[in-house]
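Here are my notes for a first look at this chain. Keep the 3D view open beside you and turn it as you read.

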Amino acid sequence: MLSQTDQALDVPTRDRRIWALVERQHGVVASRQLRGLGLGPPSIRWRVRSGRLHPVRRGVYAVGRPALDRLGRWMAAVLACGDGTVLSHGSAAALWGFGSEPPGLIEVSLPPKRRCRHSGIRAHRRTTLRPEDLAEYEGIPVTAPARTLIDEATRLAPRRLERAVNEADKLDRVAADALYARLDDYRGEPGAGALRKLLDPLHFRLSDSDLEQAMRPIARAAGLPVPETKAWLNGYEVDFFWPTLGIVVEADGLRYHRTASQQRRGLERDQIHLSSDLWPLRFSHWQIGREPTRVRDVLQRTAERAQAGASLPGRRLVTLR
């Protein structure tokens, strides 16, 4: 039996609007949305009794059947916590496809003055969310990928964080270079420092002159003579070369977006140098500039092997330019 309010409305139009909303929201709807579309409280209660609406959270219903998929459960949690709520942290990472949420919990972020107390929902009250931090994916309000990674960086171990950044990049959620460029906007926020620590080495570059100045004392500490710089070997210009030892050092910037052709050329260079009985080594600019002890130790061990005759038999076949 319909209420007087329902009878006074264009019921077919109202019902079409409700169903369209439910489909967009993965099978769930909030009571405030139903009221906004003209369905009065008596009609809502009647639909619950008749099995058309199934309560899944306080003020939120599944429509038609009680079972919800993961998207429906996420949408129900967002609706249950009110306007301005977005999926965030681990749940947002899971929705975007580059992380996982805590077992048995859905995580959301709320405006600072809003409260949300629902079983199975972890609510984060936020004062720092900006318009660019918010997005919608699969019809669900959610923190944008960059904001999600910053939030996750507060609690992920370095290897898991690196995996999340790589996956977000691979899925085109946010390019690692774009994420790095945005970190200045989040200076001082929890998580931004951990991401910078992860990404700094991949974007650090020394000029040619600084690179040469940094390598000279490292080589000296390893017991090596002063190297030749910008020498041509086997048709390639190399950064450093010790002709008496056959050691070749290339310095890489390690940018995230190295193309497949760039990676292939790097492999081909090393293969050609190895087949010419040379010792090709690669160090990042970060290692040379910030981790000289590591570089010194590798150079020293390589030089010892070269001097001990650990290379292939015969003289090195070095093809100069």
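1. **Overall make-up.** The protein chain has 14 helices and twelve strands. Its radius of gyration is 30 Å, well over the 20 Å that the globule rule gives for 321 residues, so the chain is more spread out than a compact globule. Please keep in mind as you go that this is a predicted model.

2. **The box around it.** Try turning the view until the principal axes line up with your screen. Taken along those axes, the C-alpha atoms of the protein chain fill a box of roughly 100 × 35 × 30 Å.

3. **Inside and outside.** What share of the 321 residues is buried? Buried residues make up 45% of them. The protein chain exposes about 17,200 Å², and carbon and sulfur atoms supply 50% of that area. Among contacts with a separation of 6 or more, 60% are accounted for by residues 24 or more positions apart.

4. **The second largest pocket.** Rolling a probe the size of a water molecule over the atoms shows where empty space is left. The second largest pocket has a volume of about 400 Å³. It is lined by 18 residues, and P158, E162, K197, L198 and P201 are the closest to its centre. These five make a handy starting selection for your viewer.

5. **Who builds that lining?** Three helices each supply at least two residues of the lining of the second largest pocket: α8 (158-170), α10 (192-203) and α13 (285-290). Which helix gives the most? The answer is α10, with five residues. By type, the lining divides into eleven nonpolar, two polar and five charged residues.

6. **A153, beside α8.** A153 sits in the loop between α7 (145-152) and α8. Is A153 buried or exposed? With a relative accessible area of 6%, it falls under the 20% cut-off, so A153 is buried. Leaving aside residues up to four places away in sequence, A153 touches L161, G191, A194 and L195. For L195, the distance from A153 is 6.4 Å between C-alpha atoms, although the two are 42 residues apart along the chain.

7. **Two residues with positive phi.** Most residues other than glycine have a negative phi. D172 is not a glycine, yet its phi is positive, about 65 degrees. N234 is not a glycine either, and its phi is also positive, about 55 degrees. D172 lies in the loop between α8 and α9 (176-182), while N234 lies in the loop between β9 (228-233) and β10 (236-242). Their surroundings make a nice contrast: D172 is exposed, with a relative accessible area of 69%, whereas N234 is buried, with a relative accessible area of 13%.

8. **G246, after β10.** Now follow the chain on to G246, which is found in the loop between β10 and β11 (247-252). Its relative accessible area is 0%, so G246 is buried. From G246 to H273 there are 27 residues along the chain, and their C-alpha atoms are separated by 9.4 Å.

9. **G51, in between.** G51 belongs to the loop between α4 (41-49) and β2 (53-57). How would you class a residue with a relative accessible area of 28%, and why? Buried means under 20% and exposed means over 50%, so G51 counts as partly exposed at 28%. G51 and P66 are 15 residues apart in sequence and 9.1 Å apart in space, C-alpha to C-alpha.

10. **E23, on a helix.** E23 lies in helix α2, which covers residues 11-24. It is exposed, with a relative accessible area of 65%. Where along the chain is G139 relative to E23? The two are 116 residues apart, but the separation of their C-alpha atoms is 9.9 Å.

11. **Something to try.** Colour these residues by class and check that you can place each one: E23 and D172 are exposed, G51 is partly exposed, and A153, N234 and G246 are buried. Then show the helices α8, α10 and α13 together and find the second largest pocket that they help to line.

Conventions: Residues are numbered from 1 along each chain as its sequence is written. This is a predicted model: local features need pLDDT of at least 70, side-chain atom pairs count only at pLDDT 80 or more; totals for chains, interfaces and linings use all residues. Side-chain values use heavy atoms; hydrogens and water are left out. On a 1 Å grid over the protein atoms alone, a cavity is a set of points where a 1.4 Å probe fits but cannot get out, and a pocket is an open set with protein on both sides within 12 Å along at least five of seven lines; lining residues have an atom within 4 Å of a point. Grid points are joined across faces, edges and corners, and a volume is the space filled by probe spheres set on the points. Helices (H or I, at least four residues) and strands (E, at least two) are DSSP runs, numbered from the N terminus. Ala, Val, Leu, Ile, Met, Phe, Trp, Tyr, Cys and Pro count as nonpolar, Asp, Glu, Lys and Arg as charged, and the others, Gly among them, as polar. The radius of gyration is taken over C-alpha atoms; the globule rule is 2.2 Å times the number of residues to the power 0.38. Buried means under 20% relative accessible area, exposed over 50%, partly exposed in between (1.4 Å probe, protein chains only). Contact means heavy atoms within 4.5 Å. Accessible areas come from the Shrake-Rupley method with a 1.4 Å probe; for residues, only the protein chains shown count as cover.
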